[in-house]
Amino acid sequence: MKNNNTWFWLFLAPVMLALFFVVILPLIFGIYYSFTDWNGIIATRFVGIKNYINVFQSTTFLNALWFTTKFAVVAIIMENVIGLALAMLVTQKFKGRHLLRTVFFMPNLIGGLILGFIWQFIFIKAFAAVGNVIGVSALESWLATPGTGFWGMIILMSWQYAGYIMVIYIAYLENVDHELIEAAEIDGASAWQRFLHITIPMIAPAFTINVFLTLSNSFKLYDQNLSLTAGGPYDSTQMLAMDIYNTAFSQNNMALGQSKAVVFFLIVAIISLTQVYYSKKREVEV
Amino acid sequence: MKNKHMSIRMIQVVSFLLGIIWLLPFYLMVVNSLKTKKDIFVNTLGFPNPFSASNYPDAMQQLDFLKSLTNSVLITIVSVSIIIIFSSMAAYALVRTKKKISGIIFLIFASAMLIPFQSVMIPLVSIFGKVHMLNRIGIIFMYLGFGSSLSIFLYHGSLKSIPTALDEAARIDGCNRWQTFWYVIFPMLKPITVTVAILNAIWIWNDYLLPSLVINAPDTQTIPLKMFYFFGEYTKQWNLALAGLTISILPIIIFYFFAQKQIIKGMTEGSVK
């Protein structure tokens, strides 16, 4: 019996050690440091909730929180609407639909950093050139204003992520019973009615998955933010993850940066736990 | 019936137009990477005139491309192999030991998936800095820490459907736990191993933030890291910057070309579960 226990712990030891030193220990230290005057090397005294008061008085943090929330709302809508539309198109039976799935998914293979650089070129040079040709000056100087920075991020993320969302919708769309649709057709249901009363209820689980996926992705976004706008102009497009990084590593304010990181952790954890709650509830209902 | 034929045709045309729009950024990147600096300025949308293929050797040299490619390949392969070996073993131990402690450990790994990287990165760098582990060994260990949760989760799901009768048969034939797992069980996990490999490989290959904090020395930089500095330096020279971007995405596009179905399945499977 003793032997039985030994192999269990031996098989688990490497991942448990890694998880402990890489995730759990930094999390515990991080929470502890957020209540001290930690400077990255030592913490000399407790400061209570002073850091957290500073977090909520920090304009860059509040701006980043507002920008991230705004971004998340628009991104969730755009990514899901486009993703579902693409999925509906490429589940029709025509030649080339598999090729197109591959094309729409392709941006997801490439790192966010590189995608942001590619789109920097598109927005700055290609948009300006098109604007010149068709005489629309609004297409010039993209990414130079807060508004174009925001929409630049939205366009980049919709282009990248719609293909990913599409794949998840496809999995559910392909389960939709075709006999059901044909029966409804014979009964005289219009295309819109069939979509509303047959397709939508069938893909409801995919909708839940995708909304949470796009939500937590929007909150954790960093690479694309860094490479497309770098938070500019004047920090107006800086998102939460970038604000944490800059506070800690650019301004060297470790305790404040870590307190922001704890608040960030709570926000993302609440989003994820809500998702777990919803999917468990659905499993029980089914 | 004719009406239906027409509408499928319409859907096909619209879909292909969208496909072209999706590829436009890549097209513009490649076309402009073959222009001179001046040509990009006056002729952004047209074909290169004249062709300037020399951007490529220049960018490759500036990027120290062979070096960063080797670094990326090395870190990705070693990290992914270690994640596969240790996560599958851990999941096997958890599934085959029906005790309360197994459930608790599994729950800890599942909960760890809720922790975003940015919320632990600052203490992580400080702790590993103190023990002089901000190097390649350190980052591989970190990838095991961050990657094991989802991998264990995926292996756990597959292992539950493998009957224990197989283990027992192997035990009777004289295999110990180690042999039972590697010779009998692990080969049966091949489909999920492919998923775990793809999921982790794409993540680690493209990762920027963690390497930028841990292996930021010129001779250990991976492709995304090198690209970041390169782009910052050549932002006014779009011809070189675009050639660099094109080279840096080439390896993964080639990989995608050969295994697109597996890759799409692997990358989305983790998020659905």
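1. A good place to start is the contact between the two chains of this predicted model: chain A puts in 66 residues and chain B 65 residues. On the chain A side, the elements giving two or more residues are helices H1 (2-33), H3 (59-90), H4 (97-105), H5 (112-134), H6 (146-173), H9 (204-220), H11 (240-250) and H12 (254-285). H1(A) supplies the largest share of that side, with 17 residues.

2. You may like the chemistry of this surface too. Sorted by class, the side of chain A that touches chain B holds 53 nonpolar residues, ten polar ones and three charged ones.

3. On annotation, an unreviewed UniProt entry places the feature "domain: ABC transmembrane type-1" at residues 65-275 of chain A. Over that stretch the chain is 77% helix and 0% strand, and the C-alpha atoms at its ends lie 21 Å apart.

4. Now for a helix pair inside chain A. H6(A) and H9(A) pack with their axes 9 Å apart, at an angle of about 160°. Because angles over 145 degrees count as roughly antiparallel, H6(A) is roughly antiparallel to H9(A). Their crossing is right-handed.

5. If you want to look at that pair residue by residue, H6(A) brings Tyr161(A), Ile165(A), Ile168(A), Tyr169(A) and Tyr172(A). They meet Pro205(A), Ala206(A), Ile209(A), Asn210(A), Thr214(A) and Asn217(A) of H9(A). By class, this contact has eight nonpolar and three polar residues, with no charged residues.

6. One last link between these points: H6(A) and H9(A) are also among the helices that give two or more residues to the side of chain A touching chain B.

Terms used
Residues numbered from 1 in each chain as written. Chains lettered and ligands numbered in written order. Predicted model: local features only at pLDDT ≥ 70, side-chain atom pairs only at ≥ 80, totals over all residues. Contact = placed C-beta atoms within 7 Å. Helix = DSSP H or I, 4+ residues; strand = E, 2+ residues; numbered from the N terminus. Nonpolar A, V, L, I, M, F, W, Y, C, P; charged D, E, K, R; others polar. UniProt positions renumbered as here; feature names shortened; annotations may be inferred. Axes fitted to C-alpha atoms, helices over the stretch in contact; angles between N-to-C directions. Parallel < 35°, antiparallel > 145°, perpendicular 65-115°, else oblique. Left-handed = near helix turned anticlockwise from the far one by under 90°.
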